Amino acid sequence: PYTTRILVRRPQDPARSSGNAIVEMLNPSNQMDLNIGWSLMREHMMREGDTWIGITIRPIAVDALKTFDPQRYAALSFADPLPPEQRPCTITGAEANQERGLAWDMNSQVAAWIRSNASTNPLRGAITHVYGFGYSQTGGYLNTYANAIHKLATLDNGEPVFDGYFIAVAGGGFVGLAPINNCASTPPVGDPRHQTGNLGVPIIRAMSLSDFVQGIAARRPDSDAPEDPYRHYEIAGMGHASPFELYYSARPEDMVKAGRTPPPMNCNEGPRSRFPTNVSFDAILQNLDRWVRTGIAPPRAEWIQRVGNTTVVDEHGNVVGGVRSPYVDVPTSTWFGTATGASFCFIAGYERPFS
């Protein structure tokens with residue numbers, strides 16, 4: 001009863017294919033699809049010969065697509081498979097009579113399909129490794145998927161459909177987990193399911209300066225154990241809601257046509273933080289692939305330092321600890337993880353250049 005939208009971007013020269021597919025649950029936090037993984041790591045993926053695949057994963061994003069072009073997207077549906085009289089709860093608004101929990105089947109089936117020899121698969125024979133990616137809200141989706149679905153979603157040979165996971169900026173009560181279906185509540189902070197692991201495939205989780213405190217419940221020790229390969233990174237200086245995700249999403253006029261309000265590029269303190277998240281994310285993606293293919297574990301990194309309820313900063317106002325880069329070790333700016341203003345300014349962050 002369900003049909004979603006799948007976007008595919010792959011190297012033009014098949015001979016350059018790495019055999020990797022990065023399957024991204026498209027972020028619907030602005031009530032429309034944002035292809036954040038593509039916006040941050042597109043150059044690295046194309047340079048390496050990876051294929052990127054995006055999946056529309058929530059009914060609210062389908063509503064935007066249908067508003068934008070009712071004819072083109074008429075077939076899209078997250079229709080609740082249960083008849084109304086059997087539904088244990090009632091959903092109103094744009095997601096009425098829809099079921100968010102269909103996202104789990106969609107994610108599994110897309111990953112299995114692109115590895116298959118099905119005639120409908122444009123990538124048949126080209127994909128050898130599949131990695132799941134989610135950012136913010138869909139990082140919470142991917143966390144839920146990994147914990148609840150991963151060991152149930154297998155290929156005919158018994159191998160998992162996903163070889164590893166990159167779960168980004170998803171932690172705590174904000175976006176740490178997604179309810180398993182419409183009628184379930186989000187597990188509260190402190191629920192052990194906020195932590196991910198023991199899946200038998202590598203997991204790398206990354207938090208930003210904007211959300212690592214909210215997501216502190218997701219912190220857990222790194223592991224090189226075969227049954228629990230895991231890394232937890234907190235990227236010093238990185239903002240959660242960056243301008244890059246808007247540069248490579250729909251044009252503002254198309255957002256309006258879809259019935260959505262374009263997110264602001266500027267907050268009260270100035271433009272959204274331009275901290276180069278791609279530097280760390282490209283490395284994480286490459287290290288995840290190397291971990292899966294060769295067993296070589298990625299480096300470990302200390303967490304951002306906290307003393308009591310206070311984050312430790314240096315003489316320039318930048319945080320101490322976390323994944324380091326020249327942008328915080330030999331800085332020309334102070335990087336903030338929060339700002340004030342409309343929409344997601346509270347996690348956009350901003351930059352204060354030195355004089």
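The following exercises, with worked solutions, concern a predicted model.

**Exercise 1.** Determine whether the residues of strand β7 (residues 164–168) are buried or exposed, and state how they are distributed over its faces.

*Solution.* Step 1: A residue counts as buried under 20% relative accessible area. By this criterion, five of the five residues of β7 are buried, and the strand is mostly covered.
Step 2: In a regular strand the side chains alternate between the two faces of the sheet.
Step 3: Accordingly, assign the residues to sides: Gly164, Phe166 and Ala168 lie on one side, and Tyr165 and Ile167 on the other. Both faces of β7 are covered.

**Exercise 2.** Identify the strands that pair with β7 and give their direction relative to β7.

*Solution.* Step 1: Strand β6 (residues 129–135) is joined to β7 by five bridges, and the two run parallel. Within this pairing, phenylalanine 166 of β7 is the bridge partner of phenylalanine 133.
Step 2: Follow the chain from β6 to β7: the connection passes through helix α4 (residues 137–148), forming a right-handed β-α-β crossover.
Step 3: Strand β8 (residues 203–207) is also parallel to β7, with four bridges between them. Here isoleucine 203 of β8 stands opposite tyrosine 165.

**Exercise 3.** Describe how helix α1 (residues 36–48) crosses helix α8 (residues 277–294).

*Solution.* Step 1: The two axes come within 8 Å and cross at roughly 40°.
Step 2: Angles under 35 degrees would count as roughly parallel; α1 is therefore oblique to α8.
Step 3: The crossing of α1 and α8 is right-handed.
Step 4: Residues making the contact include Leu40, Met41 and His44 of α1, and Phe281, Asp282 and Leu285 of α8.

Note on methods. Residues numbered from 1 in each chain as written. Predicted model: local features only at pLDDT ≥ 70, side-chain atom pairs only at ≥ 80, totals over all residues. Heavy atoms only, no water. Buried < 20%, exposed > 50% of the residue type's maximum accessible area, 1.4 Å probe, protein only. Pairing = 2+ DSSP bridges. Right-handed = clockwise from strand over helix to strand, strands pointing away. Axes fitted to C-alpha atoms, helices over the stretch in contact; angles between N-to-C directions. Parallel < 35°, antiparallel > 145°, perpendicular 65-115°, else oblique. Left-handed = near helix turned anticlockwise from the far one by under 90°. Contact = heavy atoms within 4.5 Å.
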